[in-house]
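Reader: Hello! I am in my first year and still learning to read protein structures. Could you take me through a close look at a single part of this one, step by step?

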Amino acid sequence: MAEESDLDKTEEPSGRRIEQAREQGQVPHSRELGTFLVLMVAAATFWMMGGWLTEGVIAMARKGLTMEVRHMHEPALMLPRLADLSLDAVLVFSPLLALLLLAAILPPFFLNAWVFSVKALVPDLARLSPLTGLGRMFSWNSLMELGKAVLKATLVGGIAAMLIWKERDEIFGLLAQPLDAGLAHAGNLISYSFLILVAALVLVVAADVPFQLWQHFHKLKMTKEEVKQEMKEMMGDPHVKGRIRSLQMQAARKRMMAAVPQASVIVTNPTHFAVALSYQAGMTAPKVVAKGQGAIALKIREVGAEHAVPLLEAPPLARALYKHAELDAEIPSALYNAVAEVLAYIYQLANWRQVGGAYPVQPSNLPVPPELVPEAS
C-alpha cells in the first residue's frame, strides 16, 4: 500500500504544503554539508592561526607544569590556579570555538532550512518501534548513507595515501631536523594535509546537497486528491460558498423588499420586470430602491399593492431601468426625462385623489433612448 501511495503522489508540493512541513520542523538538511563546513573552518583556522595557537598552547603548558612552593603548602590556592589556567585555555581556543560555532550554524541558511519548531521536539513513540527501526535500516535512505560512507572513506583514504606518498621525503626528513624546527615543520605538514583532505569532501557535498533537496521535496509530493482538498480549504468549498452566496442574496432581497413601501412608483413590464423608484425633495435624481425579474418582480408588485404604491406599466422604461440602473443608486441621466414624466403623472394622480377634478392622462411613448432598451425576452 505504501508503494501505491508513493506512486499516486505525482503533483509537486504546493507552497502551503512546504510551509506546513516547515512548521513541523521538516526541512532539508545535509549532514555532509555541516561536517564539511566545520572541518573546513577548523582546517583553515589551523592553517592561518597555527603559529598563534601553538604558542598559546606551549605557554599554557609551561604555566600549568610550573609549580610554586606556596601551592604545595597551601592547597586552597589550587582552585584559583585551576580557574586561571582554564581562563587561559578559553582565551587561546576562543577564536577557534567561535568560528566552529558559526560553521555549525551556517548550513541551514545555505539550504533555506533555518526554522525553529517546538513540534520537532515532541517525542515520537513510533520511532521506538523495533519494526520501524528495522525498516529504516534497510530503507533506500540507509543504502544511500552507506554509499556515501563508502565514497567518503575511499576518497579520503585515497587522497591521504597520495599525500603521504608525495610528502614521504619531507616526512622522513623530519627525523634529521632539530626539535623546534621539526615540530614547526610537522605542524605545517599536518595543517596542509588536513586542509587538502577536507577540501576533497566538497565532491561528497556536491552530490549530497542536491540529493537531500530532491529527497525532501519528493517526500512532500501530493496526490491529485490532496491538491483538490487544499484548493478547497484555501478557496472554500464550492458548496459552502454557494450556500453563503444564497444566504447573502436572501438577506439583500429582504432589505430590498423592506424598501418597496417607501417607493414613489413601481414601473413594470408589466409582468417580467418591476423597478421601484423613490424620489424625495432635495434628491438630485430618483433612486432605484428595488428591482427584479420574474418571481421577484411579482413580489415587488405584491408588496407595492399592499402599501398602495402607485404602479405604472411602461415596458421599455422598465426594461431599460432593470438593465442599466443599479440598486440603491441614481438612475442613468439618459432616463431623466422619461422618469420625470412618470413622476409628474404620479404627483397628478395623488392630487386627483385628494381634490378630484379631471383624471390625469397616463403617459405613453416615454422618451427612452432605443439603445438603452434591451430586446424583450
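Author: Happy to! Let us begin with one residue, Ser278, which is found in strand β2. Please keep in mind that the model is a predicted one.

Is Ser278 buried or exposed? Its relative accessibility is 10%, and buried means under 20%, so Ser278 counts as buried. Who is around it? If you set aside the neighbours within four places in sequence, Ser278 is in contact with Gln262, Ala263, Ser264, Met283, Pro286, Lys287 and Val289. You can also look for Ala259: 19 residues separate Ser278 and Ala259 in sequence, and their C-alpha atoms are 9.3 Å apart in space.

Now widen the view to the strand itself. Strand β2 covers residues 273–278, and it is mostly covered, with six of its six residues buried. Try following the side chains along it. Phe273, Val275 and Leu277 point one way from β2, while Ala274, Ala276 and Ser278 point the other way. Residues on both of these sides are buried.

Next come the partners of β2. On one hand there is strand β1, residues 265–268, which pairs with β2 in the antiparallel sense over four bridges. The two strands form a hairpin, and four residues lie between them. Two pairs help you to line the strands up: Val265 has Leu277 as its bridge partner in β2, and Val267 stands opposite Val275.

On the other hand there is strand β3, residues 287–293. β3 and β2 are also paired in the antiparallel sense, over six bridges. To find your place here, start at Phe273 and look across to Gln293, its bridge partner in β3. You have already met a part of β3 as well: Lys287 and Val289 are among the residues in contact with Ser278.

Let us put these strands together. They belong to an open sheet of four strands in the order β3-β2-β1-β4, and the pairing in this sheet is mixed. Which strands stand at the edges? They are β3 and β4 (311–313), and each has a single partner strand, so one side of each is left without a neighbour in the sheet. From one strand to the next, the twist averages 20°.

Two helices pack on this sheet. Helix α15, residues 315–324, touches β1, β2, β3 and β4, and its direction makes about 80° with that of β2. Helix α16, residues 336–355, touches β1, β2 and β4, and the angle between its direction and that of β1 is about 125°. So β2, the strand of our serine, is touched by both α15 and α16.

While you are in this region, visit two loops. Asp328 is in the loop between α15 and α16, and its phi is positive, about 60°, although it is not a glycine. Is Asp328 buried or exposed? Its relative accessibility is 55%, so it counts as exposed. The other loop runs between α14 (295–306) and β4, and Ala308 has its place there. Ala308 has a phi near 55°, again a positive value in a residue other than glycine. With 60% relative accessibility, Ala308 counts as exposed. Compare that with Ser278, which counts as buried at 10%.

Finally, step back to the protein chain as a whole. It has 16 helices and four strands. Of its 377 residues, 28% are buried. Among the contacts with a separation of 6 or more, 73% are between residues 24 or more positions apart.

There is also some empty space to explore. The second largest pocket has a volume of about 510 Å³. It is lined by 18 residues, and the closest to its centre are Gly50, Thr54, Leu183, Ala184 and Gly187. Which helix gives the largest share of this lining? That is α3, with 10 residues. Both α3 (31–65) and α10 (179–200) supply at least two residues of the lining. Sorted by kind, the lining has 10 nonpolar residues, six polar and two charged.

To retrace the path, go back to Ser278 in β2, then move to β1 and β3, and end with α15 and α16 on the sheet.

Key. Residues numbered from 1 in each chain as written. Predicted model: local features only at pLDDT ≥ 70, side-chain atom pairs only at ≥ 80, totals over all residues. Heavy atoms only, no water. Buried < 20%, exposed > 50% of the residue type's maximum accessible area, 1.4 Å probe, protein only. Pairing = 2+ DSSP bridges. 1 Å grid on protein atoms, 1.4 Å probe; cavity = no way out; pocket = protein on both sides within 12 Å on 5 of 7 lines; lining within 4 Å. Points joined across faces, edges and corners; volume = space filled by probe spheres on them. Nonpolar A, V, L, I, M, F, W, Y, C, P; charged D, E, K, R; others polar. Axes fitted to C-alpha atoms, helices over the stretch in contact; angles between N-to-C directions. Contact = heavy atoms within 4.5 Å.
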